[in-house]
Amino acid sequence: TRGTVTAFSPFDARADAEALRKAMKGLGTDEETVLKILTSRNNAQRQEIASAFKTLFGRDLVDDLKSELTGKFETLMVSLMRPTYIFDAHALKHAIKGAGTNEKVLTEILASRTPEEVRNIKQVYLQEYEANLEDKITGETSGYFQRMLVVLLQANRDPDGRVDDGLVEQDAQVLFRAGELKWGTDEEKFITILGTRSVSHLRRVFDKYMTISGFQIEETIDRETSGDLEKLLLAVVKCIRSVPAYFAETLYYSMKGAGTDDDTLIRVMVSRSEIDLLDIRKELRKNFAKSLHQMIQKDTSGDYRKALLLLCGGDDE
């Protein structure tokens, strides 16, 4: 993997559970111990620690973290304790809960996860919340944005294999005719092609599209669509090109300018820490001439900052 967090060795779940209990017992909390342990163990190991914690003390580790910690630091530590697919399912549940939908979260998760990950998220959602994720999402969204989400939720993208040049040419022409050459836009064509073709096929389609039209596919989407659909289609295209580059951009904008979008920062740092955070760091440095480490350093503070920097796993000079 290209993650910054890997399995810790030598690992002793009981010793970690005891250290965490000691750090949170009595008056005051030793936050340093909590963050050091939880950011240096991988998710599977954190689940073993939670299990040992319950066995040894008859207490729920997550409940203890919630009662002993506060603010963004608490959110980050509790997020680290969620099993991977539960983490995504939980984020999606909160994105469609209550008044107003957080389209940004739906877009980020469903555009970037692999078909296998999406299938696992749907399954876990059903187990955890006894509800069908697709039904929940269709109940809260509408129009072409909803249709593209539903296509992504089917998790039926063609597997990567040999690319058929004839089909590449055909898809590029179809997209050209559906957008630039048409008065109005045939959104359905964009949804079908971008939502179902394999990653390697689509990369070739984007190159061919540029040759035919003289535009990058992103420019066309920008001109031909708007609102949530535009953001979703662009996210899908960016993830087809490079998932780490997409997340580098997401992290960059979560901290750029005044104020920090902590929800996004936490979500990306936690969800990518074991997958491709090293690549994300590299892309951020390459595309924005910024170091993730330095951005976090500048934009956050306290134990929250310490924990994020440990997850970041070093600086890119």
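# A tour from Lys306 to the domains

Select Lys306: its relative accessibility is 38%, so this residue counts as partly exposed (buried is under 20% relative accessible area, exposed over 50%, partly exposed in between, with a 1.4 Å probe and protein chains only). Before moving on, note that this is a predicted model, where local features need pLDDT of at least 70, side-chain atom pairs count only at pLDDT 80 or more, and totals for chains, interfaces and linings use all residues. Residues are numbered from 1 along each chain as its sequence is written, and side-chain values use heavy atoms, with hydrogens and water left out.

**Stop 1: the partner of Lys306**

Add Glu32 to the selection. Its side chain and that of Lys306 form a salt bridge at 3.0 Å, N to O (a side-chain nitrogen of Lys or Arg within 4 Å of a carboxyl oxygen of Asp or Glu). Now show the helices around the pair. Glu32 sits in helix H2 (residues 31-40) and Lys306 in helix H20 (residues 302-312), so the link joins distant parts of the chain, 274 residues apart (helices are DSSP runs of H or I, at least four residues, and strands are runs of E, at least two, numbered from the N terminus). Glu32 is partly exposed too, at 29% relative accessibility.

Widen the selection with Lys36 and Asp303. Together with Glu32 and Lys306, they are linked in a network of salt bridges. The count for the model comes to 22 salt bridges.

**Stop 2: two more salt bridges**

Go to Asp165 and Arg204. Their closest N and O atoms are 2.3 Å apart, in a salt bridge. Asp165 belongs to helix H11 (residues 165-178) and Arg204 to helix H13 (residues 199-213), so this pair ties together parts 39 residues apart in sequence. Arg204 is partly exposed, with a relative accessible area of 35%.

Next, select Asp186 and Lys189. Here the closest N and O atoms of the salt bridge are 3.2 Å apart. Asp186 is partly exposed at 23%. Lys189 is partly exposed at 38%.

**Stop 3: a helix crossing**

Show helix H15 (residues 227-241) and helix H16 (residues 243-255). Their axes come within 5 Å and cross at roughly 130° (axes are lines fitted to C-alpha atoms, for helices over the stretch in contact, with angles from 0 to 180 degrees between N-to-C directions). Which residues of H15 and H16 make the contact? On H15, pick Ala235, Lys238 and Cys239; on H16, pick Val243, Tyr246 and Glu249 (contact means heavy atoms within 4.5 Å).

**Stop 4: a covered helix**

Move to helix H7 (residues 103-112). How many of its ten residues are buried? Eight are, so H7 is mostly covered. Colour the buried ones: Val105, Leu106, Thr107, Glu108, Ile109, Leu110, Ala111 and Ser112.

**Stop 5: Phe288**

Select Phe288, in helix H18 (residues 277-288). It is partly exposed, with a relative accessible area of 21%. Now show its contacts. Neighbours within four places in sequence aside, Phe288 touches Ala248, Glu249, Tyr252, Tyr253 and Glu283. Then pick Leu153 as well. Phe288 and Leu153 are 31 Å apart in space, C-alpha to C-alpha, and 135 residues apart in sequence.

**Last stop: the domains**

Zoom out and colour the chain by domain. Use domain 1 (13-81), domain 2 (92-154), domain 3 (165-241) and domain 4 (244-312); the bounds come from an automatic or database domain assignment. Finish with domain 1 and domain 2. Their centres, taken over C-alpha atoms, are 30 Å apart.
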